[in-house]
Structure formats: C-alpha cells, structure tokens
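Here are some exercises to help you find your way around a protein you haven't met before. Keep the viewer open and try each task before you read its solution.

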Amino acid sequence: LAQVAEPMPRSPPGLSVWGRSCHRAALDGATAVAHRFWDGGRRRGTSFLSAGSLRTHSHSASLQNFIHDRTQKNFCKKLSPFWAGSPRSHWHSPTLQKFFTNRTHKKFCENCGKPSALLLEHCSFCEHLLSDEQIRPVGRDPLVTSVLGVTGTRPSGARFGAERDDSGCFEELHRSFEILVLQQRQFPCGQMHLLAVPKGTCYDMRQLRRKQIPMLRKLRAVGLNCLRSSLGLASKDPLPPAVCGFSYPADYNHLHMHIVTPPFKNLLLFARQTFYPYAEVEADLERVGVVRPRRIADSADLEGPFLKRLMEVDRAARSGPDSDSSAS
C-alpha cells in the first residue's frame, strides 16, 4: 500500500509508445484495485487482508500479528474472558490458579463431606466454611447412580478420599418409568427433605424448556404424594408447608426438585443466588420458554422477603402443630 500511495513511477526506458501506454494502464489498474480493497476494508473495520476474505482474518496493530477468527476471539473487557458466556458453569480459583467446572468438580465439606457448588462459601448442611482447597473431582455422582439403580457408591472427593459407605445417602420412596423420588438421609435440610428426580437425561435447570412443564407438574405432584405417605397423612389431611424448588448451580449432576418441610436445619439452601422456587421456574417456562438465571446482584433484592417468609414458616412449625399448612 505504501508503494501504491507513492507517485506513479515512470515507464522503463527503451519502451515504444505502445509499451509505455500498456505499462501505465497496468499501474492504473493495480492502483484502483488496491484502493478499492483498502476502502472496503476500512469501511468494514477490517484490515487490507480481511477486506477480500469475508472478515475471516484480522490484523492487530498492537500485537503486530494476523489473527484468524476461527481460532481467536475478542472478549469484552467488561466481562471475565473465560466465563463471560456462562457465568456460573465455571469457577476460577485464585488460590489454586486453575479453572474448574461444576460438572467435574465440587467443594466437599471437610466437616460433613457434603458436595457443594463451586461458588458457595458455606455448606448448606453444617454451615461449615468452604474454601478452594476443598475442591475435588466429583467422580461417580451419587444422585446419578441412584437414578441408574446403583447403590453403595460415593463421590471420589468426599471426605478427601476417605472410605465411607454411601448406601444410606438416599432412601428410595418411589420409582416409575419417568420419575424417581428419594429421601435425603445423609444431608437433610429440614424435617423432611425429598428429591424429586426426572429419570430422563437432564443436567440442570437451564436445560428445561416449555414443553417440559407437564413433566415438572407431575414431578411436584408425585413428590408431594410421597411426602404425604412418609408423614402418614390421609388423602384428605392437609399437607404441612413445604418449600419446592431447584438449585442452580446444583450440588449433584442431575436435575432434582427439593421438597423440604420445616423446621429447617438452616436457610443456606434457600439463598436466592442459587435457589429458584418452583412457582418462578414454571412462570419463566410459560412466559419465555426457558429459565434465565438471575444475576447475583439482582438476588439481593429478593433475599429479604423470601427468607423472612421462610423464617415465619419455620417459627410456626416449631411453635406447634396448629400452624398454617400450605405447600409452596
């Protein structure tokens, strides 16, 4: 381009009039083609090379290098370059100087051994402080093995590799072709803690779509029926208050609905940054067809009223059996 921008060179000596005319025409044509590509690339915001290659390349003036769009991407500086598109599926540990994914790694509580999502800072069962040093590979997920009908397994990172029988982690209450209902025996967060699990392949809440609303309604109905049977209630007796919802990111690598009755062990499971009540999930699926995870900053506005309601339900359950009985 620098040569094109310079004054037109004179024709070589010894050429005839016809030869000088052909030489000047060739230079004029090359100049026009070069300026056409240069102007087109400048209008499209690309380099001279990418002007004729459909924006597949880009030249970085600061890096002094050509970059192919297939192998390199330009991430927005306002977002974290690794998890900008999926803010909760990955976790960066400044302490360990590594990236982890919730599918392959969890934080295992050193006090009780419960697996927790990577972004959690406290165990939802024993309230013990969690740190990045407690991140371990998931191994064989206990909920997945329960769906498959396998017993006696435990995640490889629990108790930091210590041998422990996991056969009493879940108690099976219902199994059908579509639905599995388990009672959380090892880490219950309330008086009764059930997990209603679809047996179809579904990793987490973000994979739900509008067409699966009937399945979710059936999942909740079967779970509440198992709750009624576990409490020894007749079909006409009212159910005690129960909190139904999903965790995202979850502690286990399979979609499951929590059904928890008061009194609660603690309220860490219901933190709004990770807990999505059933009513909100169903409303999002009906309205937009997917469940959009809320930003952590937006969860603070919903935290107070929701936890206040749960505290009132917990207080009423501890005061006596004459409390309000309604499932949420």
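Let's start with the whole chain: buried residues make up 39% of its 328 residues. Keep in mind that this is a predicted model.

**Exercise 1. Take stock of the chain: how many helices and strands does the protein chain have, and what share of its contacts joins residues 24 or more positions apart?**

Step 1. Count the elements: there are 7 helices and 13 strands.

Step 2. Now look at contacts with a separation of 6 or more. Residues 24 or more positions apart account for 57% of these.

**Exercise 2. Find strand β9 (residues 179-184) and work out how many of its residues are buried and which strands it pairs with.**

Step 1. Check burial against the cut-off, which is under 20% relative accessible area. In β9, 6 of the 6 residues pass, so the strand is largely enclosed by the rest of the structure.

Step 2. Sort the side chains by direction. In a regular strand, side chains alternate between the two faces of the sheet. Here Ile179, Val181 and Gln183 point one way, Leu180, Leu182 and Gln184 point the other way, and all are buried.

Step 3. Look at β8 (residues 170-175). This strand pairs with β9 in the antiparallel sense over 5 bridges, and a hairpin of 3 residues links the two. To spot the register, find phenylalanine 170, which sits opposite glutamine 184.

Step 4. Then try β10 (residues 190-198). This strand also runs antiparallel to β9, with 5 bridges between them. The hairpin from β9 to β10 goes through 5 residues, and glutamine 183 faces leucine 194 across the pair.

**Exercise 3. Trace the open sheet that contains β5 (residues 105-108): what is the order of its strands, and which are the edge strands?**

Step 1. Put the 3 strands in order: β6-β5-β7, with antiparallel pairing.

Step 2. Pick out the edges. These are β6 (115-116) and β7 (135-137), as each pairs on one side only.

Step 3. Zoom in on β5 and β6: 2 bridges hold this antiparallel pair. Lysine 107 is opposite serine 116 there.

**Exercise 4. Map the largest nonpolar core: how many residues does it have, and which elements give two or more residues to it?**

Step 1. Begin with the general idea: in soluble globular proteins, nonpolar side chains tend to be buried together.

Step 2. Size up the core. It has 28 residues, and Met205, Ile259 and Val281 have the most contacts inside it.

Step 3. List the contributors. The elements giving two or more residues are β9, β10, α5 (213-230), β11 (243-247), β12 (257-264) and α6. The largest share, 7 residues, comes from α5.

Step 4. Click on valine 281. Beyond its neighbours within four places in sequence, valine 281 is in contact with Met205, Leu208, Leu216, Phe246, Tyr276 and Val291.

Step 5. Don't stop there: a second, separate core of 18 residues includes Leu120, Leu130, Phe187 and Leu195.

**Exercise 5. Hunt for cavities: how many of 30 Å³ or more are there, and what lines the largest cavity?**

Step 1. Search the whole structure, and 3 cavities of 30 Å³ or more turn up. The largest has a volume of about 60 Å³.

Step 2. Look at its walls. Lining residues of the largest cavity include Lys114, Gln184, Phe187, Leu195 and Asp251. By class, that lining has 5 nonpolar, 5 polar and 2 charged residues.

Step 3. Move to the second largest cavity, with about 40 Å³ of space. Among its lining residues are Met205, Phe246 and His256, and the classes divide into 5 nonpolar, 3 polar and 1 charged.

**Exercise 6. Arginine 292 and proline 293 are in the loop between α6 and α7: which residues does each touch?**

Step 1. Check exposure, where the cut-off for exposed is over 50%. Arginine 292 counts as exposed because its relative accessible area is 59%. Proline 293, at 28%, is partly exposed.

Step 2. List contacts, skipping residues up to four places away in sequence. Arginine 292 is in contact with Tyr276 and Asp284; proline 293 touches Arg206, Tyr248 and Tyr276.

Step 3. Compare positions along the chain and in space. The C-alpha atoms of arginine 292 and methionine 205 are 9.2 Å apart, though 87 residues separate them in the chain. For proline 293 and arginine 206, also 87 residues apart, the C-alpha separation is 7.7 Å.

Terms used
Residues are numbered from 1 along each chain as its sequence is written. This is a predicted model: local features need pLDDT of at least 70, side-chain atom pairs count only at pLDDT 80 or more; totals for chains, interfaces and linings use all residues. Side-chain values use heavy atoms; hydrogens and water are left out. On a 1 Å grid over the protein atoms alone, a cavity is a set of points where a 1.4 Å probe fits but cannot get out, and a pocket is an open set with protein on both sides within 12 Å along at least five of seven lines; lining residues have an atom within 4 Å of a point. Grid points are joined across faces, edges and corners, and a volume is the space filled by probe spheres set on the points. Ala, Val, Leu, Ile, Met, Phe, Trp, Tyr, Cys and Pro count as nonpolar, Asp, Glu, Lys and Arg as charged, and the others, Gly among them, as polar. Buried means under 20% relative accessible area, exposed over 50%, partly exposed in between (1.4 Å probe, protein chains only). Contact means heavy atoms within 4.5 Å. Helices (H or I, at least four residues) and strands (E, at least two) are DSSP runs, numbered from the N terminus. Two strands pair if DSSP finds at least two bridges between them. A nonpolar core is a set of buried Ala, Val, Leu, Ile, Met, Phe, Trp, Tyr and Cys residues joined through side-chain atoms within 4.5 Å.
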